[in-house]
Amino acid sequence: MGMWKGLDCISRDNLGQIQGIRLRETVKYAYENVPFYRHKMGEAGIVPEDIATLEDIIKLPFTTKEDMRSNYPYGMFAASMEEIIRLHASTGTTGRPVVMGYTRRDLENWSEQVARICMMAGVKTSDIVQISFGYGLFTGGFGLHYGLEKLGATVVPFSSGNTERQLTLMRDFQTNVLVSTPSFALYMAEVAETLGLEPAGYGLRLGLFGGEPCSDLMRQEIEKKWGMKATLNYGLTEIVGPGVSGECECRSGMHICEDHFFPEIIDPESGQKLPPGEEGEIVFTSLTKEGVPVLRYRTRDITALLPEECPCGRTTQRMDYITGRTDDMLIVRGVNVFPSQVEEILGQVKEVSPHYRLVVHREKDYIKDMEVHVELTPEGFTDSFPEIQKIEDKITSRLKTVLSLNLKVRLMEPKSLERSTGKAQRIVENEEAVAE
Ligand code: DLL
């Protein structure tokens with residue numbers, strides 16, 4: 001286990017050397033084995049030898065989700081099916097999914113990456129860990145599974161769904177670590193409460209949450225209800241799945257497994273690289289992947305690279321929490337709004353819970369209006385109209401101050417919005433809301 005912490009504490013010079021070597025290898029490998037990359041580099045007028053240092057990476061063209069989709073299913077693969085031993089795919093509610101293939105070495109590396117982020121989060125070999133991510137094409141279940149086994153924890157591979165049984169087994173097995181989306185952790189706590197049980201009585205000490213954003217409010221709520229420490233981790237199918245980055249004990253940003261994934265922050269409009277500390281779209285280049293090497297993949301996730309050293313002693317670069325996605329941005333009457341901005345404002349209002357939805361009213365191609373539906377907390381619940389009006393007005397005026405937008409706010413009864421056993425859906429189109 002010490003070995004993994006060692007990898008995260010390597011000197012920046014050594015790390016840079018390793019990254020440089022691996023970048024050169026990856027570019028050459030992708031060029032030689034994936035026609036897509038060969039064409040793209042040809043169009044940009046470059047050959048692999050032009051990428052001699054890490055700084056040269058900016059010469060490489062970006063890769064987008066559309067590129068992956070238009071090469072569905074195997075066009076981005078560099079290894080033959082002889083060498084590929086596993087496939088995963090993004091859930092892709094719209095359009096074709098993105099398919100990833102892993103060689104044996106890819107799977108070994110992936111387990112190591114996930115083991116590292118689990119160790120950073122504080123998982124011990126004596127822990128009993130319930131994995132409530134779906135096992136299947138989604139990378140969450142299997143990704144965490146093999147990483148935690150590699151670390152040496154006791155894995156309970158529950159998968160998603162069947163919440164009551166999850167709770168029963170959690171208690172019977174004396175599970176002390178939970179792995180899921182933050183929304184599911186909140187939902188499970190509510191189900192426990194409706195069964196008349198105190199979530200804090202279950203004995204969970206630690207949670208590893210990822211796959212979707214988790215606001216401070218959500219994190220506090222999870223910690224309060226379960227009496228556990230909640231940590232966050234990040235990843236995406238196109239790069240590997242979970243295991244790209246995760247929080248250490250300091251919980252201020254997420255350390256990237258930088259010897260495997262090279263991060264950059266770019267201005268999403270111009271594509272220009274931004275300096276550390278500035279917020280933009282995070283772009284990753286894989287440094288060790290054989291199945292599907294990925295050069296400068298545009299994640300659409302918005303964050304910053306944190307320039308300061310982490311007090312934990314790890315030297316790997318930390319990324320900040322994701323504040324939005326470039327494709328999540330809503331333009332409401334000409335104003336750019338990210339769901340996370342609304343969520344942050346809601347987090348400052350003590351009467352409401354982290355359960356909210358943005359109901360979007362479209363007219364042709366633009367958003368004419370948006371309503372914020374948010375549940376009152378059980379403590380904040382009231383049926384007095386003036387009271388409700390007061391809280392709604394308070395939220396409306398904060399939204400107006402921060403976003404310069406006048407949005408209608410509708411307070412909902414506790415537990416009235418649909419819960420998710422996977423990733424929460426925050427944005428709904430008007431038709432759905434009307435159909436309720
Ligand atoms: O959600 C991989 C994963 C599984 C990560 C389990 C962590 C734990 P996808 O389904 O491809 O893969 O979705 C990736 O989810 O681009 C982000 O927008 C979002 N996301 C993932 N983790 C976080 C996080 C998995 N910690 C997309 N905070 C990414 C915010 C996250 N967003």
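1. Two strands count as paired if DSSP finds at least two bridges between them. Strands E8 and E9 (residues 254-256) are joined by 2 bridges and run antiparallel. Within this pair, Ser 245 stands opposite Ile 256 of E9. Please keep in mind while reading on that this is a predicted model.

2. A word on the sheet to which these strands belong. It is an open sheet of 9 strands with mixed pairing, in the order E4-E3-E5-E6-E7-E8-E9-E14-E13. At its edges stand strand E4 (154-156) and strand E13 (305-306); each has a single partner strand, so one side of each is left without a neighbour in the sheet.

3. Strand E5 is a nice place to look next. Its pairing with strand E3 (residues 128-131) is parallel, over 3 bridges, and 4 bridges join E5 to strand E6 (residues 206-210), again in the parallel sense. Val 179 of E5 takes part on both sides: Val 179 is the bridge partner of Ile 131, and Val 179 also stands opposite Leu 208 in E6.

4. Which way do the residues of E5 (residues 177-180) point? Val 177 and Val 179 point one way, Leu 178 and Ser 180 the other, and all of them are buried. This fits the general pattern, in which side chains of a regular strand alternate between the two faces of the sheet.

5. Now to the ligand. There are 19 residues around the ligand, and Gly 211, Asn 233, Thr 237, Asp 301 and Lys 423 come nearest. By class, this shell has 7 nonpolar, 8 polar and 4 charged residues. Helix H6 (139-151), strand E7 (229-236) and strand E8 (241-246) each supply at least two of the shell residues, with the largest share, 4 residues, coming from E7.

6. Which atoms of the protein lie close enough for polar contacts with the ligand? A polar backbone atom of Gly 211 is 3.1 Å from a nitrogen atom of the ligand, and a polar backbone atom of Glu 212 is 3.3 Å from a nitrogen atom of the ligand. On the side-chain part, a polar atom of Asp 301 lies 2.6 Å from a ligand oxygen atom. On its own the ligand has 610 Å² of accessible area, of which the protein covers 91%.

7. Asp 301 leads us to strand E12 (residues 297-303), where 7 of 7 residues are buried. Asp 301 points one way from E12 together with Tyr 297, Thr 299 and Thr 303, while Arg 298, Arg 300 and Ile 302 point the other way. Do note the two arginines, Arg 298 and Arg 300, which are both buried.

8. E12 has antiparallel pairings to check as well. Strand E11 (residues 280-286) is joined to E12 by 4 bridges, running antiparallel, with Tyr 297 as the bridge partner of Phe 284. Strand E15 (residues 324-325) is also antiparallel to E12, over 2 bridges; here Ile 302 has Gly 324 as its bridge partner.

9. Finally, is Glu 351 buried or exposed? Glu 351 sits in the loop between helix H10 (339-346) and strand E18 (352-363). Its relative accessibility is 15%, and because buried means under 20%, Glu 351 counts as buried. Leaving aside neighbours within four places in sequence, Glu 351 is in contact with Leu 376, Thr 377, Gly 380, Ile 391 and Lys 394.

Technical notes
Residues numbered from 1 in each chain as written. Predicted model: local features only at pLDDT ≥ 70, side-chain atom pairs only at ≥ 80, totals over all residues. Heavy atoms only, no water. Near = heavy atom within 4 Å. Polar contact = N/O pair within 3.5 Å; in protein donor to acceptor, adjacent residues only side chain to side chain. Areas by Shrake-Rupley, 256 points an atom, 1.4 Å probe, with all protein chains shown as cover. Nonpolar A, V, L, I, M, F, W, Y, C, P; charged D, E, K, R; others polar. Buried < 20%, exposed > 50% of the residue type's maximum accessible area, 1.4 Å probe, protein only. Contact = heavy atoms within 4.5 Å.
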